[in-house]
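Let's take a walk through this protein together, one feature after another. Keep the 3D view open and turn it as you read.

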Amino acid sequence: MGPSLPSDIFRLVFGHLDVQDILNARQVCKEFYELSKLRSLWNSLLRKRVINQNIPTPGLRGKSIDSLTAPELEQCFHRALRLRRNWVSESPTVVKQLNLEAIPDTRIVSIHVVPGHENRWIISLSMSYGQHRIFTLRCWDIGRSHPVCLARRELKQLRGIAMNKAISDVGILAVLDPYSFSIEILNIDSQATDQEHGFVTAAAIPEEVHAIHLFSNSSLLTRDGNGALYFWDINSPQSKVELQNPHLQQPMQLLDIIITEGFIMVLKLMTLECYAFPSPVSLFGGSTVLHPVFVYQWPWRIDNAAMILRHRPPRSHARTPISIFIRFGSYFPWAINILHHYEIRPNTHFFKDGPISQGNLPYEFPPVLRETIGSPVRLHATSDMSIGAYGTAVWTDSHTEDYFNHADRGQRLAGRFLPHVVSGEEEEDDEVELSDQVATVSATSVYAYHEEDSWVRVALDETEGRIILGRDDGVISVLEYV
């Protein structure tokens, strides 16, 4: 006996069913089958239960949601939830592992996922062992059936390098020439006849620079020979903004930087500094000196850290918090065996039409210590970390005694998922009392572990569900979780 209600009624009912109920109803009759295949149904489910929940959607390959067909929307929906279930589980399952060809006698120095390009490109920098070190820059396309090296360049010396944090046509890399101290902006020619010609020069900037710390869209953050920090645009290098903390007696190492429309957040070895962007008028015709509107002094020297602006959920116009993960360095063993997760929360009383000042900050300072995570590291062992905009933090450490019968070697790739908290919903008493000896939480996921000490670098691609590991033998492993 067929359905006795109008199709419009059943269409409304289907919109309130759980996914499994929809799949079960698909087996009942032809009309239910056709209703379960409607594009409007899966478009609504995808937006309501994935996108609006701030869950990334893997496998789009550059397509927009609006351009997907009904079967593609359904596939995208299931893939996103399948990844999320696996990603946040206690022991996520590696669905596929790719090992990129190593250069003999080298060590991976850095690895990055290139923004855009369907998250298929990975930039790696390796360093040869020996007295005369050679650096090799490579770009990989891991989206093909077999990974392909698109570009390769050897550097006899390396003064500095920065990958573009933004999706931009300007270039993907900024390389500092060790002889002339000028900057070369590189792009990738994916159609090059061989990998030796894959890196192409997009621009050469004859500015004398001694260190390069940031490349974002067309903006650079560089340091001159006197240690002064300058923020400038490659299209107008004559107009520079000097970021100057008058309370620092000497230049301090930079660990990470966030740039938004109104401010620059600079994470240093001992401080966190917030600078307000100057008006365009004040930049006209020369350099401007900026002092921080707020400086926070960390309790200890930082050994390793990562900072990111959280992903903004759809339909939200509020600022999102900034997450900072820190492993402090210390002469005492307990401080280095704990990860500190700080959060800088949006200031709900910020007046966006007014100038940023100490009395009108876009974020609340000082940072809130949200949790301390147990993460032991053996003496002289290497550890690295990476955090994503959707709330994932991953790191390598030495906590392997749960998996092996010894504790003298081995590494763990662990992580913790931090769900998005809407501004104004935080508890008043959720700040952790800072302690250099006590961890309040532990890792929620262990993504991998092995009986060696060879992992030296880790990178993260939350959208496609990938973790990339660089080893001290030059091998790069790509772990895929969907």
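The paragraphs below go from helices to salt bridges and then to some unusual backbone spots. Please keep in mind that this is a predicted model.

A good place to begin is helix α1, which covers residues 7-14 and includes Val13. Together with Ile9 and Leu12, Val13 makes a nonpolar surface patch of about 260 Å². Val13 can take part in such a patch because its relative accessible area of 39% leaves it partly exposed, and patch residues need over 30%.

Next, look for a pair of helices. Two packed helices are described by the angle between their axes and the distance between the axes. Here the pair is α4 (residues 39-51) and α5 (residues 70-87), which pack at an angle of about 25° with their axes 8 Å apart. That angle makes α4 roughly parallel to α5, since angles under 35 degrees count that way. If you look at how the two helices cross, you will find that α4 passes α5 in a left-handed crossing.

Now to the charged side chains. Side chains of opposite charge can pair when their charged atoms come close. With a side-chain nitrogen of Lys or Arg within 4 Å of a carboxyl oxygen of Asp or Glu as the rule, the count comes to 24 salt bridges.

Which parts of the chain does the pair of Lys165 and Asp256 tie together? The side chains of these two residues meet in a salt bridge, at 2.9 Å from N to O. Lys165 sits in the loop between β6 (160-163) and β7 (173-176), while Asp256 belongs to strand β14 (residues 254-259), so the pair links parts that are 91 residues apart in sequence. The two ends have their own surroundings: Lys165 is partly exposed, at 45% relative accessible area, whereas Asp256 is buried, at 14%.

Another bridge brings together the side chains of Lys268 and Glu273, 3.2 Å from N to O. Are these two residues buried or exposed? Lys268 counts as buried because its relative accessibility is 5%, and Glu273 is buried too, with a value of 0%.

A further salt bridge joins Asp453 to Arg378, and their closest N and O atoms are 2.9 Å apart. Asp453 lies in the loop between β26 (445-450) and β27 (455-461), and Arg378 lies in the loop between β22 (368-374) and β23 (385-387), so this pair ties together parts that are 75 residues apart in sequence. Asp453 is partly exposed, with 36% relative accessible area, while Arg378 is buried, with 18%. Elsewhere, salt bridges with shared partners connect Arg61, Glu118, Arg120, Asp141 and Arg144 into one network.

Glu118 from that network also leads us to the backbone. Its phi is positive, about 60°, although Glu118 is not a glycine. You can find Glu118 in the loop between β2 (106-113) and β3 (121-128), where it is partly exposed, at 33% relative accessible area.

Phe181 likewise has a positive phi of about 60° without being a glycine. Phe181 is placed in the loop between β7 and β8 (183-188). With a relative accessible area of 18%, Phe181 is buried.

One last stop is a peptide bond. From Phe365 to Pro366 the bond is cis, with omega near 5°. Pro366 is found in the loop between β21 (338-344) and β22.

Note on methods: Residues are numbered from 1 along each chain as its sequence is written. This is a predicted model: local features need pLDDT of at least 70, side-chain atom pairs count only at pLDDT 80 or more; totals for chains, interfaces and linings use all residues. Side-chain values use heavy atoms; hydrogens and water are left out. Patches are made of residues with over 30% relative accessible area and no salt bridge: like charges are joined within 9 Å, nonpolar side chains (Val, Leu, Ile, Met, Phe, Trp, Tyr) within 5 Å. Accessible areas come from the Shrake-Rupley method with a 1.4 Å probe; for residues, only the protein chains shown count as cover. Helices (H or I, at least four residues) and strands (E, at least two) are DSSP runs, numbered from the N terminus. Buried means under 20% relative accessible area, exposed over 50%, partly exposed in between (1.4 Å probe, protein chains only). Axes are lines fitted to C-alpha atoms, for helices over the stretch in contact, and angles run from 0 to 180 degrees between N-to-C directions. Angles under 35 degrees count as roughly parallel, over 145 as roughly antiparallel, 65 to 115 as roughly perpendicular and the rest as oblique. A crossing is left-handed if the near helix is turned anticlockwise from the far one by less than a right angle, and right-handed if clockwise.
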